[in-house]
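Visitor: I would like a close look at a single part of this model, the cysteines. Please take them slowly, and then place them against the rest of the fold.

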Amino acid sequence: MKITIHANNVEWQREYLPRFTDGFAAHGCRVHHTMMDEADPDAVNVIFANNSWKTTAVQCAKRGYPLITVGRCFFGSRFDMVAIGWDGFNGGADFCLDDEMPADRWEKHGWHINFSVRQRARFQKDGFLLVCGEFRPMDAWYSALQTELPTSRVRFRSHPFVKNSIPGWKAAPAAGQDEIVSVLRQAYVCITYDSIAGCDAVLNGIPSITYGDSAMAYPVSWHSWTEFEKGLSFPETEVEDWAHRLAYCQWSHDEITAGDFWEHLKGRLDDS
């Protein structure tokens, strides 16, 4: 089987290229590297999450070429793991998951959900309403939220790569790209469209509202401010199963080099 990895000189792509090369080779795959944004019709194409590979992604979708996507992980340090799936990013990807997944990977990576914190956080009403900005333009969503949320309580955290502000909303306390937990600890609830920040909220005991059904945290979140305020469908009992599935969406450096990710994902080719 031929694998074509599309990677450019962006630091993290250069870093992961040899890991993926070794991981695919461990399964006997022939690995080719290109810096061209052009899909290979005779290979499984691999792209990283940035704007360099739009043409490749579109061609794979239109022509039915197999596409592996590599993006930011959903829990843990973004420097230690990456999300790997088929045909899309975040909730738009196929991670080859069953409704119930084993707990082994969740336990291996040492993450545990503190349900008592989640229950306590639900009633911490003196915190602010943290709205997390998105990478793409979302003016219509922001405008709709402005009519729905109590303005005085909102604090807006812009996306790390899109430094914007929303008229009438105060900025959230300053924190670096990887310091969202310190902001969440001051919040009553975290509101996103489909940002990974929703996962950060759930895993740190803060209720999550996600409006986009492609959000990774969507199954364990409320889906509007009105729904949250009514106290409907608090999804606490589903969080553990969700976490087990989440752990099968992302892989560590050693697991990539060993080809563990491909052992999990390649079965989709056999089913097609």
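Guide: Cysteine 199 is a reasonable place to start: the residue is buried, with a relative accessible area of 0%. Cysteine 73 is buried as well, and its relative accessible area is 2%. The model is predicted, and the distances that follow are computed from it. Which cysteine sulfur is closest to that of cysteine 73, and why is there no bond? The closest one belongs to cysteine 199, and at 9.8 Å it is too far away for a bond. A disulfide requires the two sulfur atoms to be within 2.5 Å. Seen from cysteine 199, the nearest cysteine sulfur is that of cysteine 249, 8.9 Å away, and cysteine 199 is in no disulfide. Searching the whole structure gives the corresponding total, 0 disulfides.

The surrounding sheets come next. One of them is an open sheet of 6 strands, ordered S2-S1-S3-S4-S5-S11, and its pairing is mixed. Its edges are strand S2 (30-34) and strand S11 (250-252); each has a single partner strand, so one side of each has no neighbour in the sheet. From one strand to the next, the twist averages 25°.

Within this sheet, strand S3 (residues 44-48) pairs with strand S4 (residues 67-72) through 4 bridges, in the parallel sense. In that pairing, isoleucine 47 has threonine 69 of S4 opposite. Helix H1 (residues 11-25) packs on the sheet and touches strand S1 (2-6), S2, S3, S4 and strand S5 (81-86), while its direction makes about 175° with that of S1. Helix H2 (residues 54-63) lies across S1, S3 and S4, and runs at about 145° to S3.

There is also an open sheet formed by 5 strands, in the order S8-S7-S6-S9-S10, with parallel pairing. Here strand S8 (170-171) and strand S10 (208-210) stand at the edges, and because each has a single partner strand, one side of each is left without a neighbour in the sheet. Strand S9 (residues 187-192) runs parallel to S10 and is joined to it by 3 bridges. One residue pair in this pairing is threonine 192 with its bridge partner, threonine 210 in S10.

To return to the request: cysteine 73 and cysteine 199 are the closest-sulfur case at 9.8 Å, taken from cysteine 73, and cysteine 199 is buried.

Notes
Residues numbered from 1 in each chain as written. Predicted model: local features only at pLDDT ≥ 70, side-chain atom pairs only at ≥ 80, totals over all residues. Heavy atoms only, no water. Pairing = 2+ DSSP bridges. Helix = DSSP H or I, 4+ residues; strand = E, 2+ residues; numbered from the N terminus. Buried < 20%, exposed > 50% of the residue type's maximum accessible area, 1.4 Å probe, protein only. Axes fitted to C-alpha atoms, helices over the stretch in contact; angles between N-to-C directions. Contact = heavy atoms within 4.5 Å.
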